[in-house]
Amino acid sequence: MRAREGMRMVKMRLGSLGKRVVSSGYTKWKSLGGNWMRRSMSGQSDREGSNSIPREKLDCLVIGAGVVGIAIARALALNGREVFVVESAPTFGTVTSSRNSEVIHAGIYYPPNSFKAKFCVRGREMLYEYCSKHDIPHKQVGKLIVASRSSEIPKLNDIMNRGIQNGVDGLRMMDASEAMRMEPELQCVKAILSPLSGIVDSHSFMLSLVGEAENNRATFSYNSTVIGGHLEGNQIFVHISETKNVEEWDGRSNLHPDLVLTPKLLVNSAGLSAPALAKRFTALQSSGVVPSAYYARGCYFTLSNTKVPPFRHLIYPIPEDGGLGVHVTLDLNGQVKFGPDVEWIDGVDDISNFLNKFDYSVSAKRGEKFYPEIRKYYPNLKDGSLDPGYSGIRPKLSGPHQPPVDFVIQGEEIHGVPGLVNLFGIESPGLTSSMAIAEYISTRFLG
């Protein structure tokens, strides 16, 4: 009874941070200017013993309502755990999860036995099954990975061998004539056909996961920002502030939490801000286990003035530094998109990171660099046919001219903090891998 009373109090506190509103099938939360909100003016932090800040115990806390955080919340809830998800934005999936190619990857590119390889292959299987069962819009359109000149053929062979090692079924090397018969607008010297690749409506997928999580007693609190944490003995204390208070912060004075939560299991799935947030947990500040964060901005352009899409498959060039190259993506409405490119971003401060204050605008001038890249495999692309689309930021753990880094999942055996799981560098193929990552977390870290 005492545990249930504690959970009831947490819901009341979080309810004061975010008021739930359901509209047109979308779950949203609006911030309340509740009178209970108290800002410590004494200069003492919660760790130093201020009694003005409410504390509540709970079972599982997930930071971040992107696709991976949502999938983890659902998996934990289906395992009978009581789960709270804290998200700084007004709703779920507003950052990397909604600013990507929406591709279901087969698992070809990644080093054998890496998390990316294993989670992508397993996650792809789970995702297709889930989408079919829950009527999530998706389509297994297939992908062609193309070499546009003979010097790229060795890299294409390496990609083929890696995909086979990763257990990706159905891969087939094709000569130029066969590939171009399949896609008449394509120009290449050789290609790999990946029939298992596809596309998905990521928002419908996330909405379904949220619904299942909530139906199994998970609670989502939006407009609620985690600003740090500390240890007392072996217990981690998570500091949470109403997002609007973080937005109004001057960046110089002490920022005190409005609520402190003490979970048995804490999953840091904050995406772009996961490393910066981990460094705000006092127990990790000097541990050396939090990797450096790098940010790669990618823009997408849409193909205009065409009634019939030039391609029926996804078309991918040989991967480039920082990404998979400017590729052709089809959405479920038949629109053709090209992207993303790679633009490295420096000097991102914590608060801008926590509040997603990135520049997502797409300049039409940037499209000038797209034309020569696209024409390597689509020579008939007409001048003036690219319109600015959207952009996204990749949460990377390696910088320019550095080799790609695997997903990083840290438990107590790495950082020494009981009950804390950090997820770092969950970029592509994060969407495809989301359910497999959730399966791993719920299996590996539930006591």
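## Covered or open: a starting point

A residue is called buried when its relative accessible area is under 20%, exposed when that value is over 50%, and partly exposed in between. With that in hand, Y378 is easy to place: its relative accessibility is 8%, so Y378 counts as buried. Please keep in mind while reading that this is a predicted model.

## Two aromatic pairs

Let us begin with the rings. The count of aromatic pairs comes to 13. One of them joins F115 and Y440, whose ring centres are 5.5 Å apart with planes at 65°, so this pair is edge-to-face. The two partners come from distant parts of the chain, 325 residues apart: F115 belongs to helix 3 (residues 115-134) and Y440 to helix 12 (residues 430-444). F115 is buried, with a relative accessible area of 19%, whereas Y440 is partly exposed at 25%.

Y378 has a ring partner as well, namely F338. Their centres lie 6.4 Å apart and their planes meet at 15°, so the pair is stacked. Here too the pair links distant parts of the chain, 40 residues apart, with F338 in strand 18 (residues 336-339) and Y378 in the loop between helix 10 (370-374) and strand 20 (386-396). F338 is buried, with a relative accessible area of 0%.

## A cluster, and charges over rings

The pair of F115 and Y440 has company: together with F119 and F445, these residues form one aromatic cluster.

Other rings have a charged residue over the face. R99 lies over the face of Y360, at 3.8 Å from the ring centre. In a similar arrangement, K143 lies over the face of Y316, at 3.9 Å from the ring centre.

## Helix 12

Helix 12, the home of Y440, is worth following from end to end. The helix bends by about 30° at A436. It is mostly covered, with 11 of its 15 residues buried. Among the buried residues are G430, L431 and T432, as well as A436 itself, and also I441 and S442.

## Strand 9 and its neighbours

Where do strands 7 and 8 meet strand 9, and in which sense do they run, parallel or antiparallel? Strand 7 (residues 143-147) is joined to strand 9 by 5 bridges, and the two run antiparallel. Strand 8 (residues 172-175) also pairs with strand 9 in the antiparallel sense, over 4 bridges.

One residue of strand 9 helps to show where these pairings meet. L193 stands opposite L144, and L193 is also the bridge partner of R172. Strand 9 itself (residues 190-194) is mostly covered, since 4 of its 5 residues are buried.

## Around S385

To finish, we return to the loop between helix 10 and strand 20, which also holds S385. Is S385 buried or exposed? At 7% relative accessibility, S385 counts as buried.

The side chain of S385 reaches the backbone oxygen of K382 at 2.6 Å. Leaving aside residues up to four places away in sequence, S385 touches T302, L303, S304 and Y371.

Definitions and conventions. Residues are numbered from 1 along each chain as its sequence is written. This is a predicted model: local features need pLDDT of at least 70, side-chain atom pairs count only at pLDDT 80 or more; totals for chains, interfaces and linings use all residues. Side-chain values use heavy atoms; hydrogens and water are left out. Buried means under 20% relative accessible area, exposed over 50%, partly exposed in between (1.4 Å probe, protein chains only). Two strands pair if DSSP finds at least two bridges between them. Rings of Phe, Tyr and Trp (its six-membered ring) pair if their centres lie within 6.5 Å; planes under 30 degrees apart count as stacked, over 60 as edge-to-face and the rest as tilted. A charge sits over a ring if NZ of Lys or CZ of Arg is within 6 Å of the ring centre and within 35 degrees of the ring normal. The bend at a residue is the angle between axes fitted to the seven residues ending there and the seven starting there. A polar contact is a pair of N or O atoms within 3.5 Å; within protein, one must be able to donate a hydrogen and the other to accept it, and residues adjacent in sequence count only if both atoms are side-chain atoms. Contact means heavy atoms within 4.5 Å.
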